[in-house]
Amino acid sequence: MDTKVDVFICGSGSAGLCAATWLAKCGLTCKIVDSRAGPMEIGQADGVQCRTVEVFDSFGIAEDLLRESYHVIEVAFWASSEHGGIERKSQVADTAPGLSRMPHVILNQARVNQLLLDAMRKFNGQKVDYGYRVENVKVDSAAVSDPEAYCVTIKTMRNGKEEVFKAKYALGCDGAHSSVRRSLGFKMIGDSTNSVWGVMDVYPRTNFPDIRKKCVLQTTAGSLLIIPREGGSLVRFYTELPSGTVAKDVTVEQLHYAARRIFHPYNLDIAETFWWSAYSIGQRLADHFSKDNRVFLTGDSCHTHSPKAGQGMNVSLQDGYNIGWKLAAVLKGQVGSNLLKTYNLEREKVAADLINFDREFARAFSSKAGTDSNGVSENFSELFVKAGKYTAGLTAKYDDSPITRSEWSCQRLATNLVVGMRFPSAQVVRLCDSKAMHLATALPADGRWRIVIFAGDIQNEYASTRLKKLSDFLSSADGPVQQFTPASLDIDSFIEPILILSRGEARIEQEQIPAYFWPESGNWQIRDLHKTFIDHESYNSGHGKAYELYGIDTEQGAVAIVRPDQYISMVVDIDNHKSIKNFFTGFCIPRADRRLLESNV
């Protein structure tokens with residue numbers, strides 16, 4: 001008999017595990033399978049960009065990642081010298097100050113994946129079933145209009161036995177040779193170049209002074225990228241190989257020889273090679289990312305590129321982060337299934353931008369690129385600095401859709417809270433306990449929308465009156481909170497208010513805060529005092545200057561609606577209650593309709 005599941009995930013790479021972690025965090029289970037016999041043991045990817053660390057922090061699992069990883073602080077650029085050797089030409093910060101509160105780190109993909117496996121097991125016991133080979137995926141297009149239909153059929157083989165699954169939704173997270181993509185008849189469009197690179201993780205004995213820094217070496221003997229690895233001794237080398245090299249014919253001895261030539265006159269003795277490979281640079285994009293709004297491709301199954309910019313695992317993981325919360329919201333009856341169309345709108349653009357960036361980055365990194373008077377690629381060091389925000393994962397800007405409303409927004413109210421981009425963090429002080437903390441920690445990945453209100457100094461009558469009117473609207477029967485939150489759930493379980501105040505001379509007391517911002521919730525229906533923050537100097541951490549950072553006037557204030565994945569949906573005036581209501585009405589299912597939906601299920 002066919003097995004029915006709400007979500008079938010093919011592949012337990014970064015994208016699949018991140019989507020499964022989202023579902024688990026929201027209390028939903030899925031079927032996730034992988035053709036391997038067990039979890040990944042040696043991962044090819046290792047760069048974990050700032051935004052990915054923020055994602056892990058949103059799940060509450062960044063601590064182990066930060067403790068175990070190598071932190072990339074500085075990048076050194078080396079080139080050929082006048083005397084036939086190589087010399088350091090410049091050094092720059094790997095990540096410009098202020099881009100993120102999280103660092104760029106290096107950790108083996110197998111360990112990164114294990115952190116997600118541990119998290120989803122902790123959240124709701126979700127696990128991966130190994131040894132499954134997906135043979136075919138089909139969608140019953142005639143049934144896709146029924147949101148409760150199990151219209152995706154997945155045929156698998158395990159231990160020589162066929163198993164068939166019926167799913168409401170399926171994710172193809174099964175890599176560059178995706179069987180899901182092949183079943184749907186989708187194709188990868190793009191090209192490869194004649195440039196061949198080798199990559200190896202080695203234990204080097206060397207007198208090269210920057211071996212424990214990220215380095216770019218562009219020399220007459222070739223180009224090489226150094227990425228120090230976790231543990232203090234292991235180092236990754238990306239090495240350019242001579243023109244005419246065939247990737248499948250490359251040997252590890254060739255990689256050792258090429259690296260020694262580039263390092264000359266410094267000594268390089270490789271004590272052990274932990275792992276190595278060779279590849280041709282190619283950039284390809286799938287011609288479709290989804291089928292009938294029921295099957296979605298993620299990661300390498302829909303975009304492939306070179307690894308040197310450190311984007312592969314990160315962009316793949318964020319594909320899963322994007323689709324995961326949306327599937328959870330649809331399955332919980334909070335939003336209509338049309339919301340899933342925004343996955344294509346948002347992630348296809350990100351993938352296309354990545355392909356274009358990778359072409360330029362790979363070309364500039366090659367030793368064949370033009371050089372300046374110092375022998376450094378005339379474009380690469382400049383490109384590296386300019387691309388810092390991109391490679392940190394912080395430039396994605398989602399276009400307008402039902403959940404991203406720049407046309408309804410008044411961007412001048414918060415010039416640095418850019419609609420369509422991720423919500424940047426700033427230090428604030430929590431009112432109830434005077435704890436200095438980053439505002440991003442008040443926006444965890446738990447499926448809730450946030451209405452973040454910058455109300456100014458409420459000891460001012462004008463600010464106090466405006467906040468009271470907004471509070472009355474949000475808590476009213478006609479407001480979006482009651483309209484879209486089932487009466488059986490806590491009032492903040494779907495839409496949560498976050499209040500950030502500025503402070504004048506006098507201290508703000510809890511009793512001055514409207515009751516809506518400290519509701520009774522949880523098992524014991526205790527007042528939640530953790531939603532109000534002050535933009536003020538803390539006792540031991542200085543002043544975060546949040547209003548200044550976000551470009552918000554303390555007298556005018558602003559309201560930012562923030563999605564469950566911390567992207568900004570809309571920025572409006574505090575008095576613009578109508579736009580707030582219209583925003584949620586545009587895609588949410590009213591609680592009366594949700595009760596009907598639940599009774600039918």
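Hi everyone, let me start in a loop: Asp 292 lies between strand S17 (290-291) and strand S18 (295-297). Keep in mind that this is a predicted model. The phi angle of Asp 292 is near 55°, which is a positive value in a residue other than glycine. Asp 292 is partly exposed, because its relative accessible area is 31%.

Next to it in the numbering is Asn 293, found in the loop between S17 and S18 as well. Asn 293 also has a positive phi, near 60°, and again this is a residue other than glycine. Is Asn 293 buried or exposed? At 16% relative accessibility, Asn 293 counts as buried, since the cut-off for buried is under 20%.

While we are on backbone geometry, where is the cis peptide bond that I want to show you? It runs from His 264 to Pro 265, with omega near 15°. Pro 265 belongs to the loop between helix H6 (252-263) and strand S16 (268-286).

Now to helix H7, residues 312-331. Its 20 residues, at 1.5 Å a residue, should span 28 Å, and the end C-alpha atoms are 29 Å apart, so the two values agree. As for its surroundings, 19 of the 20 residues of H7 are buried, so the helix is largely enclosed by the rest of the structure. Just after H7 comes Gly 333, with a positive phi of about 75°.

Let me turn to helix packing, and I have two pairs for you. Two packed helices are described by the angle between their axes and the distance between the axes.

For the first pair, take helix H1 (residues 14-25) and helix H4 (residues 109-124), whose axes are 8 Å apart and at an angle of about 20°. That angle makes H1 roughly parallel to H4, because angles under 35 degrees count that way. H1 passes H4 in a left-handed crossing. On the H1 side, the contact includes Leu 17, Cys 18, Ala 20 and Thr 21, and on the H4 side, Asn 113, Leu 116, Leu 117 and Met 120 are among the residues involved. By class, this contact has nine nonpolar, five polar and one charged residues.

Staying in H4, have a look at Ala 110. Ala 110 is buried, with a relative accessible area of 10%. Which residues does Ala 110 touch, leaving aside those up to four places away in sequence? They are Met 40, Glu 41, Ile 42 and Gly 43. The C-alpha atoms of Ala 110 and Pro 39 are separated by 7.7 Å, although these residues are 71 residues apart along the chain.

The second pair is helix H11 (residues 461-475) with helix H14 (residues 577-585), where the axes come within 11 Å and cross at roughly 25°. H11 is therefore roughly parallel to H14. The crossing of H11 past H14 is right-handed. H11 brings Lys 469, Leu 470, Phe 473 and Leu 474 to the contact, and H14 brings His 577, Ile 580 and Lys 581. Sorted by class, that gives four nonpolar, one polar and two charged residues.

To finish with H14, its buried residues include His 577, Ser 579 and Ile 580, along with Phe 583 and Phe 584. What do the buried residues of H14 pack against? Their partners are H11, helix H12 (480-484), and the strands S22 (449-456), S23 (495-502), S27 (558-562) and S28 (568-572). Thanks for listening!

Notes:
Residues are numbered from 1 along each chain as its sequence is written. This is a predicted model: local features need pLDDT of at least 70, side-chain atom pairs count only at pLDDT 80 or more; totals for chains, interfaces and linings use all residues. Side-chain values use heavy atoms; hydrogens and water are left out. Helices (H or I, at least four residues) and strands (E, at least two) are DSSP runs, numbered from the N terminus. Buried means under 20% relative accessible area, exposed over 50%, partly exposed in between (1.4 Å probe, protein chains only). The expected span of a helix is 1.5 Å times one less than its number of residues. Axes are lines fitted to C-alpha atoms, for helices over the stretch in contact, and angles run from 0 to 180 degrees between N-to-C directions. Angles under 35 degrees count as roughly parallel, over 145 as roughly antiparallel, 65 to 115 as roughly perpendicular and the rest as oblique. A crossing is left-handed if the near helix is turned anticlockwise from the far one by less than a right angle, and right-handed if clockwise. Contact means heavy atoms within 4.5 Å. Ala, Val, Leu, Ile, Met, Phe, Trp, Tyr, Cys and Pro count as nonpolar, Asp, Glu, Lys and Arg as charged, and the others, Gly among them, as polar.
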